[in-house]
Amino acid sequence: MAEVSTEDAPRPALCCPGGELAAMAASQAAVPEFDFARHVTKRPDGGAELHLVVENIHCPACIRTIEGALARCPGVEQARVNLTERRLFVAFDAAAVSADRVVAAVAAAGYRLAPYDPHLLDDRQAREARDLLKALAVAGFAAGNVMLLSVSVWSGLFSDMGAATRGLMHWVSALIAMPAVVYSGQSFFRSAATALKAGRLNMDVPISLAVILATGMSLSETLRGGEQVYFDAAVTLLFFLLIGRYLDLRVRGRARSAAENMLLLKASEATLVRSDGTRQLCPLARVEVGMTVAVAVGERIPVDGRIVKGRSQVDGSLVTGESLPQDVAPGSEIFAGTLNVSAPLELRVVATGEDTLLAEIVRLMSDAEQSRARYVRLADRVAGFYAPAVHILALASFLGWLFLAGMAWQQALLVAIAVLIITCPCALGLAVPAVQVAAVSRLLRRGVLVKAADGLERLAEIDCVVFDKTGTLTLGQPELVSGCEREQASSAPDKADLDLAASIAGASRHPLARALCRAAGPVAAIAGEVEEFPGQGLQAVTTDGMEIRLGNRAFCGVEEGAGAHSELWLAVPGRTPRCFAFSDLVRADAKDCIAWLKRRGLRVELLSGDRAEPVAAVADALEIDWRRANCRPADKIAHLEDLARRGFKVLMVGDGLNDAPALAAAFVSASPASAAEVSQTAADFILQGQTLAPLREAVVVGRLTRRLSLQNFGLAFAYNAVAVPLAMLGMVTPLFAAVAMSVSSIAVTLNALRLAMLKRR
C-alpha cells in the first residue's frame, strides 16, 4: 500500500524506481503499445483504478518489487498484486498522475504489462502453455539422447573406452545439449536478465545461474578432455523445471478468480429497440440509461433494467445466488449477467457498465481476492528474504565443500547448483493466495459475496453468532394485518391514516415501512422534511410546522403494552395514536441453521430493536435461548463489546440501518443482500438468496480456509526444512532438486484446490 501524490505536469524526475527520466523513458519503450487510459475506471470519490496483467511475474519476490515500485510512484494510493492470476490492481489519483506513468513505474522494474481483459486471458494462457510445451518437448528430446550418451560414457569408465571415444561422446552431447539449453531455457533466462537489468533478484536468477553453471562447467571439461561432464544434468534439469512450470500454469488456471469468472458473464453488445419499433445491435458502451433493450431467449441480460414488456423466467444463480429461475413480469427488476430462460423480454435501462450490480459484485470480489490477509502478508514477508538468502547459502555451500572438505571444484559447484534450485520459495508464496482464491470462488457459487479477505480468517475463529430479527431471521417482508391487538376500536387505522403513514414511510427502507407502502399503494410523499431515527422511527415536519411521528411505542409516546405482532404507530398532534400491526414469516431454513450452529459449539443470540413479544415469538420458534428486545444501536454495540470483554469472538448478522454500527463493531459480520446499503457497506460478507444456507457455507469455508492455509504453510516450511540442509550436505543432485522444487509448488496449489472440489455436506 502507498499513499502519495504528485502533479501530472510538469513531470517530476522521481516517479519510479531509480528516479531517472532516462530509465523511465527506456522502460516506456518496452511497454506494449496499449492505450492504458481507456482502461481506467473512475471512482465516485474522484480517484481512479486500473487493472493490469503482469506478463512476466513468476515468484513472490516479484510481488514485493512491483508493489515497492508503485509505493515510490507519486499519485499512487494503493497497489496489490495477485500472483495466482498475475493481476495487478492500482488505485491512484487521476489528477496527480496519469495511467501511462503508473505503468511506466512498473515497467522500469522490468515487468511487461497489458490491460486486464478476461476475454483475452484464455488466449494468453493458451499461448504461454504452447510455448512451454514446445520448450518442454525440445528439452525432453535432448535429455533422452544425452542421457543415452552419458550411460555409454559411464559404462566406459569401467571398461576399456579410450579418451578419444569418450571425448567424441562428450562433444556429441554438447552439440545436442547446448542448443536445447538455449532454446528451452528462454523463459528462465529472459526473466532473470530482466530482473538483473532492473537491479533486482527473482527466483529465475538462481535457476538460470544453476543451468548456465552446469552447462558452462561441462563445456569447460569437454574442452580440456576431462572425464566428467554434466550436460545430462543441465538438460534434464531444464526438462523437469519446465514440467513443473507447465503444471503450475495449468493448476493456476483451475484456481481462476471468481471475479474473473463473473466478468465473463458481461455482454459486449445489446439489442436496442427504437421508438419506431425497429431494432439495432450496438456495442454496450453506446447503451444509455432510459433506452429500451430487447433480450432474446437464452441471452444474458446486458444491463440492469426494469421489464416493460414480456413475462419470462430469469436464471440469476451466478449473480444473486438463487438456485431456481425466478418469474419476472412488467415492472420486475433484472440485473446484468443473469440469463433469460423462457420468453423474449424488453426492458428499460436503469444502469449500465460499471454502475450495474454485476460490476459492483466484481469489484467486491476482486478487492477480497487481492487484499492482503494476515497469512498472505506473512508469506510475502518471508518470501521476500529468499532471493538473497538463496545465493548466500549456495555460495557458502560451494566454499565450504571446496576449502573445508577439500572437494573438487566441480563437485562443490554441483552442490551449490542443487542449493540454488531447491530453495525456491514458490511453495510458500502460493500457500495462502491459492487457498484464498479457491475459497472466494466457492463462496460466490454458493451465494456469498466476500468483501474482506481477512474476514475468512476471522470467521474461522468465531464462537458466538448474534442475529438481528427482522429481515435476517425473518424474510424482512412483513405484511400489514390489522390494527394492534388489545387496542380500542377508535385506535384502529382507516384509509386516511394508512395513506398518511405511507407518505412518511416512503422515506425509509425499513421492512415495516416498506410493507406499509405496499399496503397503501401509490401515495404522494408528505410535504415537508422527514428524518429517520435508527431503531426508533421517522419524524416528519410539515410545511406548517406540525411534527408527525411514525415508529415504535416509545418514539410515538404510547404506553407499553403487549402484542404478538410487530407494530408501527402513527402519532399526529391532537389525535389518538393509530397502530399498524404486521406479521413476518421466518426464513424457511432458519431453525435448521440455528440448530446446525449450536451443534458446532457456537453460542447463538437474538438481538433486536423490536418489542419483546415478537422477539420472544421468533426466538421460541427457532429455539434461541438468549434473546434481547428493544435494543437501540448503542445497546447492540454495548452488548457486543461486553461479549468481546468476556472472550467471545462474535459473528454479527443484521440488515437494518440500526444494525450498521453493530456490524462494524463486531469481530466479523454478515448482511443479507436485501439489507440497507449502509449495512452492506459495514459487513464483511453479503448473503444472497432467501435462505440462511449461505451463512452455513461461509462458516464451513472459513474453517476450511484456515485449515488448508495452515496445512500449506506446514508443507512449505517442512519442504524447506528438509530439502535445504540435504542440498547443502551434498545429498541432493541438481536433477532431484528440480523435481522437488516443482513438486512442492504443485502440492500446495492442489491442496488449496481441495477447497473448491470438496462437495457440500
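This tour goes through one sheet of the structure and two helices that lie across its strands.

The model is predicted, so local features are described at pLDDT of at least 70 and side-chain atom pairs at pLDDT 80 or more, while totals for chains, interfaces and linings use all residues. Residues are numbered from 1 along each chain as its sequence is written, and side-chain values use heavy atoms, leaving out hydrogens and water.

Begin by selecting residues 650–653, which form strand S25 (strands are DSSP runs of E with at least two residues, and helices are runs of H or I with at least four, numbered from the N terminus). Val650 and Met652 point one way, Leu651 and Val653 point the other way, and all are buried (under 20% relative accessible area with a 1.4 Å probe, protein chains only).

Next, add S16, residues 464–467, which pairs with S25 in the parallel sense over 4 bridges (pairing needs at least two DSSP bridges between two strands). Here Phe467 stands opposite Val653. Now add S26, residues 668–672, which runs parallel to S25 and is joined to S25 by 3 bridges; in S26, Ala670 is the bridge partner of Val653.

Widen the view to the open sheet of 7 strands, ordered S15-S27-S26-S25-S16-S23-S24 with mixed pairing. S15 (448–450) and S24 (626–628) stand at the edges with a single partner strand each, so one side of each has no neighbour in the sheet.

Finally, select helix H21, residues 612–622, which lies across S23 and S24 and runs at about 160° to S24 (angles run from 0 to 180 degrees between N-to-C directions of axes fitted to C-alpha atoms, for helices over the stretch in contact, where contact means heavy atoms within 4.5 Å). Helix H22, residues 633–645, lies across S16, S23, S24 and S25, at about 165° to S23.

Methods:
Buried < 20%, exposed > 50% of the residue type's maximum accessible area, 1.4 Å probe, protein only.
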